[in-house]
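Work through the exercises below with the sequence and the model side by side. Each task is followed by a solution that goes step by step.

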Amino acid sequence: MPKIKSYTPAWLLPPTPGHDLFAPDTNDTQNGSSYSSKSFPRSVPRRTLARRGTEVFIAVRKEIRWADLVYLKERWEEKQAKARGGSRIKREDSTSLSDDELLRESIESGCAEGFRTMTTSVGSDILQLAISPYANFMAVVTSHTVRILLLPDSSHLTAPSLDAIKPKSWTLGPTTHVMDRSPIASAIWHPLGVNGSALVTVTKDAVVRVWELSQKDRWSFDQPSLTIDLQKLADGTSLDQNFAASDATNKGFSPDSFEMEVASACFAGRGSGGWSPMTLWIAMREGDVYALCPLLPELWAPPPTLIPSLSISIVGNLAATEDDPNVSEPTRLLAQQQLDWMSELDKQEPRVVEGPPGEAPTEIYNRPTKPGIVPRLQGPFDLELSPESEDDLDTELTDIFAIGQKLDTDELMMGEDEELEMEDIEGEGLSLSIICLLSSSGQLRICLDMDGVQAQWLPPRNRSKAMGRSTGSPSLLTFQSMDILTSLEVAEDAWPMFSTDVTSRYSFYITHPSSITHVSLSPWVFRLESELQGDSQAGSEFRIDLLVQGQSSTRERLYTNTAQPESQLPLAASIAIRDPDLGYFLLSATPFDPIAVIFDTPDDELALIQPASPTYEKDAEVKPMAFYEPRPVYQPPRTFDENSSLPLLLERLRTGRQKTVTNQEVRLSPLTLTLFTEAHKLLSVETLRLGTAASEIFRRCIQLQVELKQQINKANEVKTRVEAITGEDQDESGEPESCNAFIERRLQNARDRGEALSKRMEKMRKTVSKATSRELSDKERAWVNEVNVIDASMFGPTVPTDGPTKLKQTRKRYEDIMRLREELVEEAEKLGATGSEEGGENMGASTTDLRIPSELRKAKISQVKGLIERETALVDAVRARLERLSTVG
């Protein structure tokens with residue numbers, strides 16, 4: 001969704017030449033009653049803006065203004081730079097110079113202003129401008145007539161001249177599109193015309209005419225190459241009937257003339273796939289939708305991929321119908337007719353002609369005559385799941401917009417080694433056609449063509465009775481419905497219109513006298529295509545249901561007209577421009593002023609190649625802070641600039657039959673009453689407009705106060721943020737704090753927080769180390785192995801005893817100690833037993849024979865017991881330590 005950067009720039013505001021492009025002639029605005037808002041009907045489509053690159057064409061009443069927006073912008077910037085530089089001293093009487101004098105002054109200095117006026121012979125106000133695909137022709141459409149202009153070269157804009165240009169032009173259908181015939185509903189350039197020279201006109205009485213224009217053939221502007229009366233075609237039964245429009249000017253009333261009143265018509269894009277480029281979609285005022293396929297001029301130039309893709313589709317469809325015995329007879333006939341159409345096309349040898357400058361040569365084919373040149377009228381389409389409404393404005397259609405299906409390159413290039421080179425916009429998107437319908441109430445309905453419109457013809461005469469009049473009612477699936485306008489903005493005489501976008505074919509603009517809205521279908525188009533093309537069928541219905549109920553199209557109100565509904569002026573259909581010098585630019589206009597919206601450049605904009613420079617990268621990263629909300633520049637009501645009609649009334653009285661009354665005193669008479677009544681009618685209308693304009697200014701002043709408060713609050717917020725960053729805000733004591741003190745305080749706070757975090761981390765590390773066991777180091781593993789070897793040496797050969805020599809000596813010492821302990825224990829027991837016997841039996845002779853002193857014997861015995869206790873304690877300590885080590889390991 002585009003982000004608004006600003007509204008109408010200064011170089012399009014008064015008193016600049018850019019504003020003069022849209023402003024009416026001062027001579028026409030002298031009479032306020034004839035050039036007021038009531039003189040511009042809103043119940044007709046106004047497409048008075050057209051573009052060729054950055055050049056724009058604006059229709060103002062009966063003349064066309066032509067300008068280059070980039071040149072106008074650069075000229076205004078140059079003038080502003082000179083004014084700031086003081087190169088021109090402003091005099092007090094310099095403001096009295098008129099625009100023409102200023103332009104003459106600039107021309108005399110050798111500088112052109114970049115805009116010209118184009119005159120053309122039209123009898124009424126211009127309502128539509130349509131530029132051909134290759135920008136060499138422009139159709140100028142009024143309510144009943146069409147004029148074809150040969151667009152001049154762009155060099156005329158930079159020529160130092162103010163004279164009006166009268167380009168070469170032709171009247172289209174001098175006996176067909178005239179005032180006594182039906183009004184023109186749409187004038188569309190056929191996307192498959194040779195060098196963009198085929199024009200399709202659709203009148204409100206449902207007559208379609210195809211014109212193939214050629215500068216060398218004047219007759220091509222007088223008579224169409226194909227004429228189809230849709231009312232006759234709707235009742236047709238065979239190919240042999242005549243469906244051309246009748247020449248009668250006075251037609252009687254019929255239900256078809258009411259139900260088949262055309263509101264608008266359109267083609268899909270040239271790069272669309274399938275039959276979309278040659279399908280004309282027609283929206284009727286009463287809500288019906290019809291399609292004509294294939295509608296082709298006699299000579300047409302298809303894209304290189306169109307005929308191969310259609311051939312594959314037709315052959316596959318024919319094979320499917322032949323293999324299926326349950327296929328109905330109308331379906332078989334349709335497949336055979338499509339095969340005949342393609343067979344005649346394959347037999348042709350295309351003629352290669354040079355295209356316009358900068359374009360590749362094109363191949364030209366003749367329109368196939370089999371099975372017929374007039375297709376079947378498909379419709380009216382049933383709008384399935386369309387919301388029901390009791391309001392008639394919801395069903396009164398005003399415009400239609402078709403987005404063709406994408407080109408299936410996988411099927412086209414199947415079995416080929418080379419890849420097809422094509423633009424990304426043609427190969428991406430949905431494999432279904434999308435039809436958008438817009439009603440008078442602002443209701444937008446987005447429909448999907450699930451079955452796909454194909455080429456159809458009526459049956460031949462010999463099979464018309466057997467085939468019947470219809471092969472079934474086609475249908476469109478209503479995917480989404482939304483309201484673009486509020487209930488207060490809905491008006492019966494308004495005519496909403498579609499406008500294409502330059503960034504994506506799945507986004508568009510809707511222009512209404514009260515607003516301009518941007519709608520994007522991208523949020524769901526690509527997700528739906530991935531579900532339709534996915535191989536997994538499991539859960540696809542559930543995912544599609546979530547897609548329908550959840551993510552939907554996005555809409556954004558870009559511009560809102562704050563005037564009262566009854567005083568709103570009609571807006572021209574918007575045009576979008578994307579240029580490196582202008583940016584992303586949207587332009588519309590009232591009959592008096594331009595309305596422009598400048599967007600941020602989309603992210604996919606290709607960046608200009610810049611030299612690698614640190615300075616450039618630094619400057620590129622710095623962007624201004626957008627803390628303000630862009631608002632349109634307020635334009636006061638035009639009522640204050642309109643002249644009163646009372647002087648004209650007085651002048652008419654002075655020169656009329658009542659001129660004697662104007663010079664006499666006021667007397668009560670029927671003539672005086674009549675004059676006062678006429679003056680009252682005139683003044684009451686003018687005072688009502690003045691009062692409405694004054695009330696609007698009062699409301700704008702109140703709104704200005706509210707907006708000013710909001711702007712001050714936002715500026716205050718930004719100021720507070722900046723002072724908080726620079727340290728110029730106040731501290732706790734209420735005194736201003738210097739920048740150095742603020743920085744030192746922040747650094748000290750950062751250090752304190754760092755130390756606190758370090759302490760907390762150390763505490764957590766200790767806690768974790770206690771709660772969890774860490775891995776042993778290499779030295780600890782070696783010590784555990786040594787203990788295991790000792791344990792095996794002492795308690796058995798269950799563990800390998802391959803240790804060092806020192807361990808073996810320790811084991812030997814341990815065995816010696818145990819053996820010595822056992823001997824000493826036995827000897828002590830013997831000695832204890834001998835002593836007890838001597839004491840009991842008083843055998844003094846034995847003790848006398850040993851001759852061992854009692855003190856020495858007691859000392860030896862206590863020494864042996866101490867050694868035994870020591871060894872026992874040593875063994876117990878070693879056993880306990882080994883048990884702990886085994887537990888740790």
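**Exercise 1. State how much surface the protein chain exposes and which atoms supply 52% of it.**

Solution. The protein chain exposes about 51,400 Å², and carbon and sulfur atoms supply 52% of that area; accessible areas come from the Shrake-Rupley method with a 1.4 Å probe, and for residues only the protein chains shown count as cover. This is a predicted model, in which local features need pLDDT of at least 70 and side-chain atom pairs count only at pLDDT 80 or more, while totals for chains, interfaces and linings use all residues. Residues are numbered from 1 along each chain as its sequence is written, and side-chain values use heavy atoms, with hydrogens and water left out.

**Exercise 2. Find the strand that holds Ile-446, and decide whether Ile-446 is buried or exposed.**

Solution. Begin with the chain, where 39% of the 889 residues count as buried; buried means under 20% relative accessible area, exposed over 50%, and partly exposed in between (1.4 Å probe, protein chains only). Next, locate Ile-446 in strand β24, residues 443-449, where strands (E, at least two residues) and helices (H or I, at least four) are DSSP runs numbered from the N terminus. Ile-446 has a relative accessible area of 0%, so Ile-446 is buried. Finally, look at its surroundings: leaving aside neighbours within four places in sequence, Ile-446 is in contact (heavy atoms within 4.5 Å) with residues including Ile-434, Leu-477, Phe-479 and Trp-524. Ile-434 is twelve residues from Ile-446 in sequence, and their C-alpha atoms are 7.0 Å apart.

**Exercise 3. Describe the salt bridge between Arg-557 and Glu-489 and place both partners in the chain.**

Solution. Side chains of opposite charge can pair when their charged atoms come close. A salt bridge is a side-chain nitrogen of Lys or Arg within 4 Å of a carboxyl oxygen of Asp or Glu, and the side chains of Arg-557 and Glu-489 meet in one at 3.2 Å, N to O. This pair links distant parts of the chain, 68 residues apart, with Arg-557 in strand β29 (residues 554-560) and Glu-489 in the loop between β25 (475-483) and β26 (497-500). Arg-557 is partly exposed at a relative accessible area of 28%, whereas Glu-489, at 16%, is buried.

**Exercise 4. Explain why Arg-819 and Glu-823 are separated by about one helical turn.**

Solution. Arg-819 and Glu-823 form a salt bridge whose closest N and O atoms are 3.4 Å apart. They are separated by about one helical turn because they are four residues apart in helix α19, residues 805-841. Salt bridges that share partners join Asp-816, Arg-819 and Glu-823 into one network.
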